[in-house]
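The following exercises concern strand pairing, burial and the surroundings of a ligand. Each task is followed by a solution in steps.

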Amino acid sequence: MDLQIGDIQETALITLAIRASETMRPNARIKDPIAKEIIDTLKVDVSNYDHFMSHEGVIARTIMYKNQLNELIKQYPDALCVNLGCGFDDKFVQVDNGSITWFDVDLPDILNVRRKIFKDRDRCVMREGSALESDWTKRLPKRSTNIIVMEGVLEYFTKEEVTKCLNILCDSFEHGYLLAELHHPIIGKNTKHHDSVKYTNAEFQWGTKSGKEYLELEPRMTLLSERSYNEEMKKYSIRGKLFAFFVPFLNNRLALYKW
Ligand SMILES: C[S@@+](CC[C@H](N)C(=O)[O-])C[C@H]1O[C@@H](n2cnc3c(N)ncnc32)[C@H](O)[C@@H]1O
């Protein structure tokens, strides 16, 4: 099926394909039972998207995001959580504690497709919105703690766009945490060498050597932690171990910011 989605939006199929194939493995490290159903229902060809390094990276980040989110939700059980650039991810079911309020936000073309599979649930609602516009934030309930999840999104933004996005988050939510996926500038310049993204028309953009670079763009934020996906990836394969040993800086990182 031709989904009629934009270039960056297409990358949501990569993570979907990887979560579906991992779920079907005998010793699956993560489970996302709806991922395969989404692929079958949408009848999309995802055969180009599931390659070793991307697979291992997405598994590592899924585990690390989940653990980080669980820690925050334990601290703030009534938090408002936003999966900004949610794609086809159903992270709510992985971390729901019975009292968080969750919004899955993405561009209208992706949400149009997402709505073919997902329905709004109690405390888990879909909203059209862009990380580069603030209108959607005005229609959210007010909470003292807001947790914004951006997984696989900021890598596609220019420095100006990252600045705009961070400014919008700090202007719109009085207090919050941001879980951000960061990538190295070398990755930013080498989309054509990425084993899965090269099969899409999306391009990586501005990258950072350190999460501290975001603080110059949005001084209201502080950086609480920054961890390479190597932490998780090196546990599972020789290639993961070699990558972590020889070119540790090349792997993406999960950075946690607070404001
Ligand atoms: C690589 S996918 C990641 C999807 C999901 N977070 C995951 O991990 O499976 C990138 C996502 O960013 C979304 N995206 C791109 N630009 C965006 C914007 N300006 N505002 C909100 N979402 C955006 C795309 O539509 C897509 O769903």
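A crossover is right-handed if, with the strands pointing away from the viewer, the path from the first strand over the helix to the second runs clockwise. The model examined here is predicted.

**Exercise 1.** Determine the handedness of the β-α-β unit that contains strand 4, helix 7 and strand 5.

*Solution.* Begin with the two strands: strand 4 and strand 5 (residues 176–182) run parallel and are joined by 5 bridges. Within this pairing, isoleucine 147 of strand 4 stands opposite tyrosine 177 in strand 5. Next, add helix 7 (residues 159–172); strand 4, this helix and strand 5 form a unit that is right-handed.

**Exercise 2.** Identify how strand 1 is joined to strand 4.

*Solution.* Strand 1 (residues 80–84) is parallel to strand 4, and 4 bridges link the two. One opposing pair consists of leucine 80 and asparagine 146 of strand 4.

**Exercise 3.** Explain why strand 4 is described as largely enclosed by the rest of the structure.

*Solution.* First apply the criterion: a residue is buried if 20 or more other C-beta atoms lie within 10 Å of its own. Then inspect both directions: Asn146, Ile148 and Met150 point one way, Ile147 and Val149 point the other way, and all are buried. Because 5 of the 5 residues of strand 4 (residues 146–150) are buried, the strand is largely enclosed by the rest of the structure.

**Exercise 4.** Characterise the shell around the ligand.

*Solution.* Of its 20 residues, Thr11, Thr15, Gly85, Gly87 and Gly152 come nearest to the ligand. Helix 1 (7–10) and helix 2 (12–23) are the elements that each give two or more residues to this shell. By class, the shell comprises 10 nonpolar, 7 polar and 3 charged residues.

Key
Residues are numbered from 1 along each chain as its sequence is written. This is a predicted model: local features need pLDDT of at least 70, side-chain atom pairs count only at pLDDT 80 or more; totals for chains, interfaces and linings use all residues. A residue is near a molecule or strand if its C-beta atom, placed from the backbone, lies within 6 Å of it. Helices (H or I, at least four residues) and strands (E, at least two) are DSSP runs, numbered from the N terminus. Ala, Val, Leu, Ile, Met, Phe, Trp, Tyr, Cys and Pro count as nonpolar, Asp, Glu, Lys and Arg as charged, and the others, Gly among them, as polar. A residue is buried if 20 or more other C-beta atoms lie within 10 Å of its own, exposed if 12 or fewer, and partly exposed in between; C-beta atoms are placed from the backbone. Two strands pair if DSSP finds at least two bridges between them.
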